[in-house]
Every structure is written in C-alpha cells, then in structure tokens.
Amino acid sequence: MITNIITWILQLIFVPIMAPLCVGITRKLKAKFQNRKGASIFQPYQDLQKLFGKDEIISKDASWIFRCAPYIVFTVTIVVGASIPLFASSINNTITSDLLVIVYTLAIGTFFLALAGIDTGSAFGGFGSSREMTMSALAEGGFIFSLLTMALISNSTNLFMISQNSLLLQGHFFLSTALAFCGFFIIVLAETARFPFDNPSTHLELTMIHEAMILEYSGKKLALMEWASANKLLIFIAIASNLFFPFGLAQDLSASAIILGIIVFTIKIGIFCLVIAILESSIAKFRFFRLPDLLIIAFILNVIAIILIY
Amino acid sequence: MNILFLQFLLQVIFLTIVFLHISKKNFDAIWAYGIQSFAITILLLNSFFETGNISLLFVALLVLIVKVVLAPRFFARLIKKNELIFSVSTYLNIPITLIVIVLLCAIAFSGIFEPLTSIISSNQGLLSLALSTMFLSLFLIINRKSALSQIVGILSLENSIVAFAIFAGLEQSLSLQIGILFDISVWLIIATVFMSMMYTHFGSLDVTDMKKLKD
C-alpha cells in the first residue's frame, strides 16, 4: 500500500521535476554541437525561480482567459504526465490513460494556449495562435494514428497496457512499430515546437509559433507557461520511449524495480535529448508552407503501419 | 536462422524502399541501396545454411561483391565526379507519393494477389510484403525524374524479386544467379556510362530534359 502511494507520488511529480532538466540538457548538448560552452543544464530551474519572483504586467484588454490559461495549460501537463507510463508499466490507471483521453487532454492545453494568444488582441499573439492551430489540426491525425498503431498491436487503448506489450520486445511487428515511430517522432517535433517546425530560441516574427503566443506573458504566468512547455516535451519523450521502446519499465512496484525503471527512463530521456540536439544543430527550420507536407507524411506513415499490421 | 530475423530483413528491405521514395540526396539513396543489398546477401546466406548447397554461398558472396560493394562505389564515384548531391524532383510530391505507397501496399496485401502470395501458406504475410516491395520499386522507377534514382529503382526491383523468390521457396540455382549478376554488372557499367554521357550533354540527370531530343 505504501509502495503504491510512493509510486503514485513519484509518477505525479516526476514530469514537473525532470522537465526543466530535460530542456537544460537539450540546450547544453545543442551548445556543444555549435562549439559554444552553453549555460548549465540547471539553468531552466534558475530561470523558473527568477520568473516566479518577478512581478507581472497584464494588458488592460486581457480577459479571464488570459489570466486562467497558464494554470489550465500547466495543470493539463501535470494530469497527462501522471497518466502516461514513465518508469513503471504496472500502475493501474484506467481513467485517464486512454489514448484518446491523452490526445484530447493535451488538445485542451493547446486550445487555451491559442485562446490566450489572441486574447489581448496583439498581432503577434494572433498569428502565433493561427499558426499553432494549423499545426495542431494537422498533427492531431498523425498523433492519434501513431498511438492507434500501437493500440492495435497491443489490443488495448490504455497506454500502460500498451507499454506492457512484450510482443515488441520479441521482435514482432517491427515494421509497423518502426513506421509508427517515424511518424510519431515528426509529431513530437511539431507538438513541442522544435526544429524544423519552430525555433524555440527565437523571437523573430517570421519564424516563431509557440513564443508568439506567450509573448504577452510575464512573471509567474510566464514561468508556468515555460514550465508547461518543458513538461510537454518530457511527456512526448516519455510516450515515444515507453510505447515504442518498452524495455526497462518496472513490471512490479518493488523498490528495486522502480529505481531501475527510473534509471532506464533517465537514460532514454538523455538519448532523446541528444537526438533532438543533433537534429536542431544539423537542419534548418522549414518554411511554414512546407510544414503541412511533413505532418501529412507522419500521418501516412502511420496508415502504412496500420495496413502492415494485418 | 530465426523466422523473426528473416522477417526483420524483409522489413528492412521495405523500409529502404520507402526511404528511397522520401530521400532527396543521391548519397542517401546509394546507402539505402547498399543496406538493402546487404539484407539480400544475408537472406541468401540463410538459404545456404538451411540447404547446405555450397553454390548458394558462392552466390551470396557474388551478391555481396557486386551489389553491396561495386554498385554503390560506381554510383558514389559518379555522384562525386559530377557533384550530383541532390536528386532531381519527383513527378508526384511526397505526401501524394506516400498515399500511392499506401494504395500499393493495400493492393499487395489484398485478396487480388492471393494465388501468388499463397504459394507457401505459412509465408503469406511475408510474400505480400515482398510483393509490395516489388510494387514500390516499380513506382520508384516511374515517379523519379532522375536517371540515377531510376537506375537505383531498377536494381531495387531486382532485389525485391530475389527476396520474393527466397520466401516463395523458389530454387536459387547457381547458373541462374550468376547470369543475373553478370547482367547486373554489365548493366551497371552501361548505366554509368549512359548517365555520364547524359550529364555531359544535358548538364543534369533529369530525364525530362531528354524531351529536347525531339527537336
């Protein structure tokens, strides 16, 4: 009973605690690839601390949506973070771990983020939201279909059940899994505002998507938005690593299994951060009108994956 | 060898053909072809281990030399010589290309080709996959404007046919394989010379430029 409670607490706090570190590692690796020293991997924690200590300025035109959106967006990432397999696949969650619940809970966050972007009437927020909704609408098909591929292979739509599937580890359905993962990885980059979809470190009006929507935020609310964005990155990395490569997950709730699960998951996070850093250092951001092609490719790869299951 | 490993090799062949459809760089296409041919070599080696027929070992070694080493080297030299880093475009854009790939896979796995894929009932799924690799290779030849990509498509089609034959349990006789490999070797030389001449004359490997020959 106590182990169960501890596991659930760990499951709940793991994403918000580790997410800024994940962003810090990616930035550090990116800096190394670009021959820069780069900030410490703990810099995002210090940034959050600084922002939480600052006053905020809110436009007089801002409505309740602008004020509430950071809390909603952050809460959504916490709920989703607690509902996906992180280090253990044996946690029994039948309420919020369904693939459609996950996809559409994340969509609630995106919806409020876009609303907050246009709420103050700023031109930057407006085009940021417009671009974000275009991307989200196109990415949603690929996102659902990649999870659906894994659901069809595992005969379950529960993400914990999918991560328990031993067929993948035995080498079955390699082709479908590989294609679904390729599709999902494109979606990860799109949903987490990474290259080639968005440049997370720029404020140029021609390129920014995510940053344009949160441009009006400052202080504590900006901290929540940044934290939620980091959480989202870790959530997608967790889904990618534990659904498509479901090894090293704790199969029972013993302390040793949980510790091993956390170590393996941390290594997986490191590998994904490395891949993202390599990608961001080696490719340029695509023109906005080329992005739908990439998202459609993600969708079609998943359709091929589903056909090949049968 | 384990059937799962053989299945994995066929899946690698399939993935390399999908990659050939998506890739924009000629060097990537050559690498993909090399990997695909290496998978075929391992499949042939497996046939040797299963049957003990020494001629199959000889065939596998020949395939390794011709398809994995020589062919990619020929193409790599051509690419370097003429600085053909990027492949010329396709007739259909990538999303539509992938939609066609979906349709071709669906056709290969449908009941239309069941008489062909049920030659060995236990391998029906694998034979359908091998058939879809054949279709995808044919589509690669049709869809690409670049002569180099078309030639890689033809070679990839040949690999797909070999893979289909292996999983269909068709006999891999030494004389037949040597004949095919000799054909491929000669054809490679002719194709490389043809591409060099084409590049010298037109300044590109885009086959649509050959329309000028009508004038």
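I take helices to be DSSP runs of H or I with at least four residues, numbered from the N terminus, and on that footing I placed Ala106(B) in helix 4 of chain B. The model I am reading is a predicted one.

**Entry 1, Ala106(B).** I looked up how open this residue is and found a relative accessibility of 34%, so Ala106(B) counts as partly exposed. I then checked its distance to Ser128(B), which is 22 residues away along the chain, and the two C-alpha atoms are separated by 9.6 Å.

**Entry 2, the interface.** I counted 16 residues of chain B in contact with 17 residues of chain A, and the two chains bury about 1500 Å² between them, with 87% of that area on carbon and sulfur atoms. I searched across this interface for salt bridges and the rule found zero; the search for residue pairs in polar contact, both at pLDDT 80 or more, also gave zero. On the side of chain B that touches chain A, helix 1 (3-22) and helix 4 (94-109) each supply at least two residues, and helix 4 gives the most, with nine residues. I sorted the residues of that side into 15 nonpolar, one polar and no charged.

**Entry 3, two helices.** Helix 6 of chain B, residues 124-143, reaches 28 Å from its first C-alpha to its last, close to the 28 Å expected for its 20 residues. Of these, 15 are buried, so I noted the helix as largely enclosed by the rest of the structure. In chain A I followed helix 4, residues 99-119, which has 21 residues and reaches 30 Å, close to the 30 Å expected. At its start a side-chain oxygen of Asp98(A) reaches to within 3.1 Å of the backbone nitrogen of Leu100(A), and the helix is followed by Gly121(A), whose phi is positive, near 80°.

**Entry 4, salt bridges.** I obtained a count of seven over all chains. Arg27(A) pairs with Asp47(A), with the closest N and O atoms 4.0 Å apart; the former lies in helix 1 and the latter in helix 2 of chain A, so the pair ties together parts 20 residues apart in sequence. I next examined Lys67(B) and Glu158(B), whose side chains meet at 2.6 Å, N to O. They lie in helix 3 and helix 7 of chain B respectively, so this pair ties together parts 91 residues apart in sequence, and I found both residues buried. Lastly, I traced salt bridges with shared partners that join Lys30(A), Arg194(A) and Glu280(A) into one network.

Conventions:
Residues numbered from 1 in each chain as written. Chains lettered and ligands numbered in written order. Predicted model: local features only at pLDDT ≥ 70, side-chain atom pairs only at ≥ 80, totals over all residues. Heavy atoms only, no water. Contact = heavy atoms within 4.5 Å. Buried area = accessible area lost by both parts, 1.4 Å probe. Polar contact = N/O pair within 3.5 Å; in protein donor to acceptor, adjacent residues only side chain to side chain. Nonpolar A, V, L, I, M, F, W, Y, C, P; charged D, E, K, R; others polar. Expected span 1.5 Å × (residues − 1). Buried < 20%, exposed > 50% of the residue type's maximum accessible area, 1.4 Å probe, protein only.
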